[in-house]
Every structure is written in structure tokens, then in C-alpha cells.
Amino acid sequence: MAAKPYGSLVPFGESSWSRGLPSPYYKASHEALRHELRTWLEDDLEMLENMFEWTEAGQIPPEVYQESAKRGIVAAMAAGAHIPTDDENPYWKDIRLPGGVSAKDWNGFHDLILIEALHAPDFGAVMGLFGGLVIGFPPIVQYGTKVLKDRVIPEILSGKKRVCLAITEPTFGSDVKRIACTATKTPDGKHYIVNGSKKWITNGIWSDYFTTAVRTSGKPGDTKGVSILLIPRTEGVITKKMKMGGQWAAGTTWVDFEDVKVPVENLIGQEGEGFKIIMTNFNHERLYICIGANSISRSVLKDAMAYAHKREVFQGKLIDQGVIRYKLGHMARVVEAQQAWIEQIVYQMDNMSKADGDRLLGGTTALAKANCGITMELVCREAVQILGGIGYTRGGQGDRIERAYREIKAITIPGGSEEIMLDLGVRQQIKIALGLGAKL
């Protein structure tokens with residue numbers, strides 16, 4: 001369908017569908033969702049106007065998170081592309097989702113619109129609201145026991161409690177097999193005692209639960225000894241906020257576990273099978289990063305385009321300079337191409353089983369994630385060049401561009417570094433081809 005033209009009329013400032021061009025992906029419910037989100041974020045919350053203050057303070061006010069929970073945004077972000085409606089997961093049954101979209105109709109393009117709208121004002125700060133939820137919650141709903149889900153999910157969806165994902169440790173980055181944080185069962189078999197540290201944990205400083213990768217057997221490097229525990233904030237859990245180059249409001253945290261006692265009922269999935277859970281959790285995390293990064297890249301392009309049309313220089317407007325149009329052209333081509341690739345991946349995931357999506361699209365999503373970081377780096381660099389000193393100044397009309405430029409490495413490193421993603425994408429496609437009998 002074609003949507004009614006919406007939002008900014010600045011060239012390339014909106015996706016083609018939002019500009020009113022036809023698309024095979026979107027329906028009336030997507031338009032209703034977009035309208036409600038934009039109204040809240042832009043008119044009621046004035047998110048872009050407040051973002052500088054929130055970023056400088058290092059935290060989005062807690063009441064914003066509570067309001068997003070009341071509006072069903074927390075529940076929608078927690079679910080991702082598909083909201084469970086089976087008897088095992090009745091937790092969304094009485095929650096009104098944003099846009100009035102029904103749980104059974106919610107799909108990957110509703111998820112895409114939600115992520116796009118939230119991240120258009122700023123990528124890093126919004127990570128302070130939902131970064132931990134998006135990656136820390138799925139293992140609970142997909143692999144947790146009914147008892148664990150009944151206890152934890154309602155308080156998370158309501159916004160009463162927050163959750164994050166605690167995998168990365170000080171001594172490794174993308175090499176998840178090297179997890180050294182230990183969880184040893186007590187002699188009576190009723191608890192695990194957890195010891196170790198986690199680093200760069202998004203939202204950890206504010207979280208009540210830590211979806212944590214631990215080693216229950218073997219040595220670092222053995223995948224079979226990795227398990228997942230849901231660790232509540234309790235005695236022995238120590239969190240310290242980290243100072244990062246970007247994403248000042250994301251609550252990036254160092255977490256120490258010192259003899260933390262965790263009930264065995266908090267085991268997510270089977271003991272020793274945690275590595276598989278981690279791997280299957282990466283696809284949506286990386287797609288989330290893709291959508292958010294491309295959304296802020298488009299916003300940066302929009303700001304640079306608008307500035308070039310009003311800035312007077314050399315007896316004319318900046319946009320009259322061919323070199324500026326050349327820069328904007330390069331920015332637009334990569335953002336529009338990335339948008340099309342993201343929508344293609346979302347469509348494919350919507351029309352495949354999760355198992356097939358994990359198997360066939362893991363490498364593609366990894367490549368897209370790497371490409372989004374490369375795209376954002378190009379767009380932000382050129383935008384700063386167009387705005388000059390204004391684009392390098394905190395606060396004022398170049399504020400969003402300055403923040404985005406500062407946060408590029410928060411795209412190219414977390415969730416799998418650019419180099420690892422490029423290699424993974426190639427390796428996975430070779431593996432699939434060989435599995436189909438190809439001779440390479």
C-alpha cells in the first residue's frame with residue numbers, strides 16, 4: 001500500500017513508504033502505529049528537544065520508561081517481530097499495543113516501525129530505555145520454564161522491573177566460547193553460586209534481572225559448558241556505571257558477581273546448552289542495531305540537507321555548491337540501499353520459521369549489521385563536513401549529528417564487531433552452499 005505522506009518533507013528525510021510511495025510491505029495497521037508513535041515522541045514527549053539534556057545527564061528520566069510501558073511500547077519492544085499468543089505465553093493478552101495493533105497481527109514491520117521511530121531522535125540515548133530489554137528478554141520467553149515466566153514476565157512487561165543481557169566479559173569480546181564466569185551447584189542441588197565479572201552491559205546499572213551467560217562445566221573455549229541463568233539483583237551483585245565515548249545515557253555497566261546465590265529454577269534452557277541460546281539470540285539483536293543505525297543515519301542526512309538549504313555562503317546557499325550535493329548524493333544512496341536491504345530481511349524473517357531464519361539468515365544479518373556501521377560512519381562524517389564546526393559542537397542545531405558521530409563505534413563493535421560480522425557472513429553462506437551440494 002501507499003501511505004499518506006508523513007513527517008518531514010526534506011528530501012530523503014523519510015523512508016519512501018513514509019513519503020507516500022507504494023510498498024508491498026505495509027498495511028493500515030503499520031500506518032496507525034507510525035502515527036501514534038510519532039505523535040507521542042515528537043509532540044507529547046518532545047524527544048528530540050530533550051535529548052541533549054538527557055544525554056548530558058547520562059539517563060533518560062525513569063518516568064519516560066514507565067510511560068512507555070503504559071503505552072504498550074515496552075511490551076512490544078520485548079516481543080520483537082512476533083508476539084506470542086499461545087497458551088504458554090498469555091502475558092500479552094490484556095496489553096494494548098501501540099497503534100491498537102492486535103497481538104496476532106503484529107509482525108516484523110511493526111517492529112521495524114517501532115525501532116525506527118524510537119531511534120530517529122538519537123540511537124545511543126534510546127539504548128538507555130530498551131537496549132537491555134531487547135536482548136535480555138527473548139531468552140526468558142523462548143527458553144524459560146512456565147514457572148519462571150509466570151514470575152518474571154508480567155513485571156517486566158508492566159515496566160515494574162527491568163532486564164539486561166550479561167554475556168561479554170573483560171577478557172573476551174566476540175569470542176563467546178571463552179566465558180569464564182562460573183556457576184557451581186550447591187551440595188543440595190538447589191542453588192548455583194555465581195562468581196565472575198561482566199563488562200559493557202547495556203542498562204545493567206538500572207536492571208533488576210541479568211540474563212547471564214555462565215560456565216557450569218568445562219573450561220573457557222568449550223561451548224558445551226555454557227549455560228544461561230536469570231540472576232536477580234541481590235546480595236553479591238555489584239554494578240558500576242562505565243564512562244563511554246558515546247551512548248552516555250545507555251547505562252553501560254561493569255557487573256561483578258561475588259558468591260551470588262541463584263535458585264536452580266532460574267536456569268534458562270538446559271544446562272550446558274546456553275551457547276546455542278546465545279547464537280539464536282543474535283539475529284534479532286543485530287537486526288535491531290541495523291534498523292536503529294539506519295534510522296539515525298537518515299535523521300543525520302535530513303539534518304545535513306536542511307542545513308545546506310538555509311546556510312548562506314559565497315553569495316548563495318550551501319546547497320548550490322556541487323560538492324555539497326555530491327556529498328548528499330552519496331549519503332542518500334547508502335541510506336536508501338540499506339533501507340531496502342533491511343526491509344528484505346524483515347520480510348524473509350516474517351515468512352520463515354525461526355529455525356530456518358537462524359540457519360539461513362544469520363550470515364545475511366551479520367553482513368547487514370556490518371554494512372549499517374559502515375553506512376553510518378560515511379553519513380556522519382559527511383554531515384559533520386557539511387555543517388563544519390556546528391556539526392562538531394554539543395548542543396544547538398548540529399547536536400544530533402555530533403552525538404551520532406560520537407556513537408559510531410557503538411554500532412560497529414557491540415553485537416559482533418564489523419570484522420567478525422563480515423567474516424561470519426561469508427563463512428555462513430559457504431556452509432549453506434556446501435550443505436546443498438555446491439562444488440566451490
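**Figure 1. Burial and overall dimensions of the predicted model.** Buried residues, meaning those under 20% relative accessible area (exposed is over 50% and partly exposed lies in between, with a 1.4 Å probe and protein chains only), make up 55% of the 440 residues in the protein. This is a predicted model, in which local features need pLDDT of at least 70 and side-chain atom pairs count only at pLDDT 80 or more, whereas totals for chains, interfaces and linings use all residues. Residues are numbered from 1 along each chain as its sequence is written, and side-chain values use heavy atoms, with hydrogens and water left out. The radius of gyration, taken over C-alpha atoms, is 22 Å, which agrees with the value near 22 Å for a compact globule of 440 residues, the globule rule being 2.2 Å times the number of residues to the power 0.38. Along the principal axes, the C-alpha atoms fill a box of roughly 80 × 55 × 45 Å.

**Figure 2. Close-up of helix 12, residues 399–406.** Helices (H or I, at least four residues) and strands (E, at least two) are DSSP runs numbered from the N terminus, and the protein has 14 helices and ten strands. Seven of the eight residues of helix 12 are buried, so this helix is largely enclosed by the rest of the structure. Its buried residues are Asp399, Arg400, Ile401, Glu402, Arg403, Ala404 and Arg406, and they pack, by contacts of heavy atoms within 4.5 Å, against helix 2 (47–57), helix 9 and helix 11.

**Figure 3. Close-up of strand 5, residues 226–232, and its pairing partners.** Strand 5 is mostly covered, with six of its seven residues buried. Two strands pair if DSSP finds at least two bridges between them; strand 4 (residues 209–215) and strand 5 do so in the antiparallel sense over seven bridges, and threonine 211 has leucine 230 of strand 5 as its bridge partner. Strand 5 also pairs in the antiparallel sense with strand 8 (residues 267–268), over two bridges, where leucine 229 has leucine 267 of strand 8 as its bridge partner.
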